[in-house]
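Me: I'd like to go through this structure with you in short questions and answers. Could you put it up so we can start?

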Amino acid sequence: MDDGAAIAGLGMTELGRVYGRSPRRLAADAVRRAAADTGLGLGDLDGLVVSHGMGGSPGIELADSLGLRDLRMLTMMNSFGATAGAMVSYAAMSVISGAASAVACVFADTPLAPHRSAGSAYNQSAKEWYGFGGMTAALGFRSVNTVYALAAQRHMARYGTTSEQLGAIAVSTRDWATRNPLAQMREPITLADHQDSRWVAEPLHLLDCCLVSNGAVAVVVTSADRARDLARPPVHVWGWGQGHPGHRKERGSEFGLTTGAAISGPLAMKMAGVTVEDIDIAQLYDCYTYTVLVSLEDYGFCAKGEGGPFAASGALGPGGALPTNTGGGQLSAYYMWGMTPLSEAIIQARGDGGERQVARNDVLLVSGNGGILDHHSTLIVSPHRKGA
């Protein structure tokens with residue numbers, strides 16, 4: 001089989017402050033919706049890849065919950081925010097090789113709880129600190145926010161990146177979100193709003209940080225030939241790549257200055273047969289405004305150190321040269337780890353974006369970032385068959 005792979009189905013549950021449903025129930029719902037989106041029945045799925053968030057569920061028992069039988073492929077994957085890209089690439093390789101013919105990939109999480117702040121959901125204080133980790137904890141690095149703040153601060157110190165430039169990303173992303181009916185935050189914001197928002201961990205303001213959401217998103221990957229005859233327009237998977245830089249937090253480290261996108265991006269674009277100049281829309285992992293900025297540099301949309309001026313130029317917003325995070329991203333729409341950029345790429349590739357639809361959507365880049373700049377995945381997708 002050499003016709004390539006395509007995403008044929010997208011299933012999204014209600015997202016945001018959705019209570020009373022377990023991650024497994026939400027995941028099952030998302031898979032059912034994705035299968036229905038293709039026009040296939042659940043019984044037509046012969047592969048399932050599962051990923052979970054903070055709650056540790058669902059696992060491979062999801063197959064039994066869905067009543068799936070005689071699967072040819074069933075596994076769990078987790079490289080944190082890079083997982084969605086990794087799942088789709090694994091599913092694509094499976095259908096291209098003939099190991100499976102229709103693979104559902106699903107992520108679900110329910111970190112939010114009633115009467116508890118969103119910020120507390122990701123407050124990961126370890127029960128015991130030891131070794132080098134104990135030294136960093138003694139210095140105050142006890143949460144993800146503080147370590148990302150350190151990375152952003154280093155970029156600022158090296159390249160002169162400013163808080164206002166990070167704020168430009170928050171503002172343009174919210175501008176997109178005002179056009180997305182599924183976005184959790186749809187009120188427009190200004191740069192002054194960004195600057196006035198409280199510190200989370202300096203130099204990161206509240207509006208530099210992503211939302212927290214409950215929900216689930218699933219996709220179905222099959223062969224391009226089969227996808228062509230299914231219910232919805234196929235989104236062809238042209239290329240993929242991963243990058244795991246293994247940054248050491250010691251003298252000479254590139255932590256904060258580069259990411260795994262510098263590895264995964266060229267791999268994915270080479271496989272797809274495109275260059276960065278061919279990318280029409282970018283869906284970047286925006287757990288923080290800073291990760292958008294540094295990813296733009298590492299993919300080559302601008303020179304290293306020029307991410308700040310590039311973002312401040314207006315390139316990322318509606319009408320800009322590089323429409324980025326067109327659904328409002330994780331900063332303003334919903335936080336489903338790597339499924340946030342992937343789902344919006346599918347919506348844009350299909351032309352389903354409504355008020356936010358970008359006219360030129362031939363080649364889209366999807367970026368995932370896992371851990372704290374530890375893992376990266378890149379997909380290149382298109383509404384067109386590769387080489388057509």
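Me: Leaving out residues up to four places away in sequence, which residues does Ser 163 touch?

Reply: Happy to start there, with one note: this is a predicted model, where local features need pLDDT of at least 70 and side-chain atom pairs count only at pLDDT 80 or more, while totals for chains, interfaces and linings use all residues. Residues are numbered from 1 along each chain as its sequence is written, and side-chain values use heavy atoms, with hydrogens and water left out. Touching here is contact, meaning heavy atoms within 4.5 Å. Beyond its sequence neighbours, Ser 163 touches Met 156, His 194, Gln 195 and His 205.

Me: Is Ser 163 buried or exposed?

Reply: Ser 163 is found in helix H7, residues 163–177; helices (H or I, at least four residues) and strands (E, at least two) are DSSP runs, numbered from the N terminus. Buried means under 20% relative accessible area, exposed means over 50%, and partly exposed lies in between (1.4 Å probe, protein chains only). With a relative accessibility of 14%, Ser 163 counts as buried.

Me: How many Å separate the C-alpha atoms of Ser 163 and Leu 191?

Reply: Along the chain, Ser 163 and Leu 191 are 28 residues apart. In space, their C-alpha atoms are separated by 9.8 Å.

Me: Now for Val 276: which residues is it in contact with, leaving aside its neighbours within four places in sequence?

Reply: Val 276 sits in the loop between H10 and E9, and its relative accessible area of 16% makes it buried. Gly 265 lies 11 residues away along the chain, with 8.9 Å between the two C-alpha atoms. With sequence neighbours set aside, the contacts of Val 276 are Met 269, Tyr 299, Gly 300 and Phe 301.

Me: And Gly 273, is it buried or exposed?

Reply: Gly 273 belongs to the loop between helix H10 (261–272) and strand E9 (281–283). From Ala 201, Gly 273 is 72 residues apart in sequence and 40 Å apart in space, C-alpha to C-alpha. Its relative accessible area is 61%, so Gly 273 is exposed.

Me: What is the relative accessible area of Ser 97?

Reply: Ser 97 is placed in helix H3, residues 83–97. Its C-alpha atom and that of Gly 4, 93 residues apart along the chain, are separated by 9.7 Å. Ser 97 is exposed, and its relative accessible area is 55%.

Me: Let's turn to the backbone. Which residue does a cis peptide bond join to Glu 202?

Reply: Most residues other than glycine have a negative phi, and most peptide bonds are trans. One cis peptide bond joins Ser 57 and Pro 58, with omega about 5°, and Pro 58 is in the loop between strand E2 (47–52) and helix H2 (62–66). Another has omega of about 20° and leads into the loop between strand E5 (199–201) and strand E6 (204–205). There, the residue joined to Glu 202 is Pro 203.

Me: What is phi of Asn 325?

Reply: Asn 325 is found in the loop between helix H12 (307–312) and helix H13 (329–333). It is buried, with a relative accessible area of 2%. Its phi is positive in a residue other than glycine, near 55°.

Me: And what is phi of Leu 373?

Reply: Leu 373 lies in the loop between strand E10 (364–370) and strand E11 (375–382). At 2% relative accessibility, Leu 373 is buried. Again phi is positive in a residue other than glycine, near 65°.

Me: What is the radius of gyration of the protein?

Reply: The secondary structure comes to 14 helices and 11 strands. The globule rule (2.2 Å times the number of residues to the power 0.38) accompanies a radius of gyration taken over C-alpha atoms. For 388 residues the rule gives 21 Å, and the protein comes close to that, so it is as compact as a globular protein of that length, with a radius of gyration of 20 Å.

Me: How many residues of domain 2 are in contact with domain 1?

Reply: Domain 1 covers 5–112 + 214–223 and domain 2 covers 143–211 + 238–387, with bounds from an automatic or database domain assignment. Taken over C-alpha atoms, the domain centres are separated by 24 Å. On the domain 1 side 34 residues take part, and on the domain 2 side the number is 23.
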